[in-house]
Amino acid sequence: MSLEWRAAAVEPGDEPPTAETWQSIDVPGRPSEFADAEAVAYRTAFEDPRDGDEQHAVLVLDGVYARARVWLNGERVAEHDAYFEPLRIPLAVDAENELRVECRRPTDRFGGIHDTDRVPAEAAVPGIWWDARLETHPDPYVAELNVAPRVGGDGAAVAVEATVVTDDPLDDRLTLSLRPTGDVRGGGMMNRARVDTDAGRATVTHEIDVRDPSLWWPHDVGGQPRYAVRAKLDGAERTTVTGLRSVEYGEDGLLINGQRVPARGVNLLDGTPEDVQRAIDANANLVRAHAHVLSPAVYEACDEHGLLVWQDLPLTGPGEFDAERGRGLVERLVRSRRRHPSLAAIGVHDDPIPDYADGLGSGVLDRLRFRWRAWRASYDHEPAERVAEGVDEVPTFPVVGPAGIEPDAATMYPGWRFGEPADADWVCDRYGLGDVVAEFGAGALAEGAPTELTDFDEARHEARVDGGVDDSQAQQAETVGTVAEALRRRGTDVFALYALRDVGDAGMGVLAADGTPKAAFDRLSGAFEPTQVLLADPTPGDSEVVLVHDRPTDGTATVEWDVDGEREQTQIEVDPFDRRTVSTVSLTGGTDVTLAVAIDGAVAQNHYSV
């Protein structure tokens with residue numbers, strides 16, 4: 001049932017919110033006219049939506065940022081404090097009804113990136129961001145259906161939790177079925193579970209074994225088969241979709257279904273479904289939801305297109321936080337997203353200390369200063385690790401930060417915050433980084449006269465670039481490409497560019513806010529080719545030609561290199577996920593080098609101007 005909504009900026013209080021003027025707005029959404037409001041109230045009226053055999057009315061709100069209270073006909077009926085968790089409210093409706101929802105800005109440390117100046121104020125309006133609807137149901141009915149895939153050495157299964165609501169005592173059978181969706185091989189399964197309960201709510205748990213399972217893979221490794229899970233009770237039913245996969249991280253790297261998958265990713269600042277295809281076009285197989293939670297629509301797109309999700313808890317920046325609340329939130333976060341096969345990792349605390357390397361160069365004294373500041377840096381891992389202990393379904397990276405604090409996932413910006421792009425190898429070697437890199441990159445202008453500089457350090461940019469848009473984007477492309485290729489050569493298990501897309505007129509994205517590519521986008525997509533050939537040191541002197549092969553198959557690769565018109569070619573046998581030195585070339589200033597590799601029908605090229 002669709003509803004017509006009005007909204008107003010209000011002062012938070014204990015009574016139903018009131019305002020002199022209410023504006024018509026769209027819900028769900030983020031009404032920009034309330035960008036600076038501390039609290040926004042949303043108001044709608046509706047008739048009793050039930051009809052025929054329908055006895056229950058339920059309000060469903062999703063993406064309620066950040067804290068909310070709900071009143072029906074003047075009576076408070078719900079409170080909520082986690083925007084990523086759907087809020088389902090049974091309503092005792094009258095013939096005519098008025099609903100008011102008050103949304104407040106966060107008052108704790110768990111507002112994430114939307115509680116910082118790294119996104120525009122319009123992106124952080126207190127509101128109902130993702131969904132708002134009225135449901136009606138018969139009695140009894142299935143109120144919620146939560147599922148989790150299980151894949152292991154003894155087979156595959158789907159763990160099911162079905163919540164049943166009934167007005168009367170119930171002794172019945174709940175039918176649970178699992179069937180492939182789309183063009184997926186294999187048959188379906190059907191089980192029955194007993195429901196014996198008094199009036200109220202009851203949760204039924206069950207596990208459905210899957211015979212001859214079709215496993216879900218990232219798009220560059222395999223297909224994305226999925227299964228529809230249905231729970232049916234009398235005439236009421238609820239359906240959800242999941243995929244079968246396992247995820248582990250350890251000494252052998254990131255393992256999907258027991259197979260190593262090097263992850264090449266991009267950070268999303270305020271992710272949208274359109275960003276999923278953009279990430280795939282960049283040859284990424286992972287997105288990191290940077291200190292915010294992706295909407296259900298983005299997760300659906302990642303499931304469908306085979307993109308892994310590194311999901312952060314919305315916690316960023318220096319400062320203490322309540323670890324117990326954090327643990328409760330991360331458990332709720334995983335539960336709300338566990339059905340998605342794309343969910344691959346959880347990050348807890350992002351950027352936990354202030355930046356200490358800004359403005360340092362590559363000289364001996366600057367490196368000494370870097371080492372001194374890194375040595376003095378400190379962070380207590382215990383609270384973040386305690387939060388991470390609440391997750392047992394996917395790998396966790398409790399601390400995401402710079403060298404010096406022994407992060408579980410590193411942030412490093414050679415060529416932007418410090419040094420030169422080629423210093424990526426130095427900082428990795430000196431501090432034992434490089435297995436997991438959560439952030440690297442550089443900023444660039446997207447247009448000539450930016451007015452919105454959200455997530456963009458203008459002073460840092462001016463220290464790097466003297467010219468306009470073209471020079472700015474060329475500098476970004478050089479930094480992004482050099483660091484990405486260094487991490488590829490090193491065999492980094494997981495690494496992610498910061499960021500895919502700007503949220504202002506300039507920023508760290510390789511795409512402008514509207515999705516228009518900057519020069520760095522092509523440079524990144526070339527560096528991210530699953531099989532690519534690289535120069536180890538694209539500066540005057542001798543440089544190795546290195547082949548990186550991040551595919552699970554072996555084969556014969558044809559490699560070609562052209563140095564100022566002098567072309568050579570060779571064939572080389574490669575193993576799965578291989579790194580091979582093909583040859584050595586001599587470079588001088590002004591040399592143009594074109595590299596190419598072909599294997600199994602796939603061709604990739606790379607170009608350098610020395």
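Q: Which residues does His-340 touch, leaving out those up to four places away in sequence?
A: In this predicted model, His-340 touches Arg-245, Tyr-299, Glu-300 and Asp-303. Contact here means heavy atoms within 4.5 Å.

Q: What makes the pair His-340 and Asp-303 a polar contact?
A: Their side chains come to 2.6 Å, and the cut-off for such a pair of N or O atoms is 3.5 Å. So 2.6 Å passes, and the pair counts as a polar contact.

Q: Why is His-340 called buried?
A: Its relative accessibility is 2%, and buried means under 20%, so His-340 gets the label. As for where to look, His-340 sits in the loop between helix 3 (323-337) and strand 23 (343-350).

Q: Why does Phe-577 count as buried?
A: Phe-577 has a relative accessible area of 17%. The cut-off is under 20%, so Phe-577 still counts as buried. You'll find Phe-577 in the loop between strand 33 (566-574) and strand 34 (578-587).

Q: What is the phi of Phe-577?
A: It's near 55°, a positive value, and Phe-577 is a residue other than glycine.

Q: Why is Ala-291 called buried?
A: Its relative accessible area is 0%. Set that against the under-20% rule, and Ala-291 is therefore buried. Ala-291 also has a positive phi, near 55°, without being a glycine. Its place is the loop between strand 21 (286-289) and helix 2 (296-305).

Q: Where are the cis peptide bonds that involve Ala-66 and Ala-499?
A: One runs from Tyr-65 to Ala-66, with omega near -10°. Ala-66 lies in the loop between strand 4 (56-65) and strand 5 (67-72). Another joins Tyr-498 and Ala-499, with omega about 15°. Ala-499 is in the loop between strand 28 (494-497) and strand 29 (506-507).

Q: How many helices and strands does the protein chain have?
A: Nine helices and 36 strands.

Q: Why is the chain called as compact as a globular protein of its length?
A: Its radius of gyration is 26 Å, and the globule rule gives 25 Å for 610 residues. Those values are close, so the chain is as compact as a globular protein of that length.

Q: What share of the 610 residues is buried?
A: Buried residues make up 57% of the chain.

Q: How many positive and negative side chains are there?
A: The chain has 58 positive and 112 negative side chains. The centres of the two sets lie 3 Å apart.

Conventions
Residues are numbered from 1 along each chain as its sequence is written. This is a predicted model: local features need pLDDT of at least 70, side-chain atom pairs count only at pLDDT 80 or more; totals for chains, interfaces and linings use all residues. Side-chain values use heavy atoms; hydrogens and water are left out. Helices (H or I, at least four residues) and strands (E, at least two) are DSSP runs, numbered from the N terminus. The radius of gyration is taken over C-alpha atoms; the globule rule is 2.2 Å times the number of residues to the power 0.38. Buried means under 20% relative accessible area, exposed over 50%, partly exposed in between (1.4 Å probe, protein chains only). Lys and Arg count as positive and Asp and Glu as negative; His and the chain ends are not counted. The place of a charge is taken as NZ of Lys, CZ of Arg, CG of Asp or CD of Glu. A polar contact is a pair of N or O atoms within 3.5 Å; within protein, one must be able to donate a hydrogen and the other to accept it, and residues adjacent in sequence count only if both atoms are side-chain atoms.
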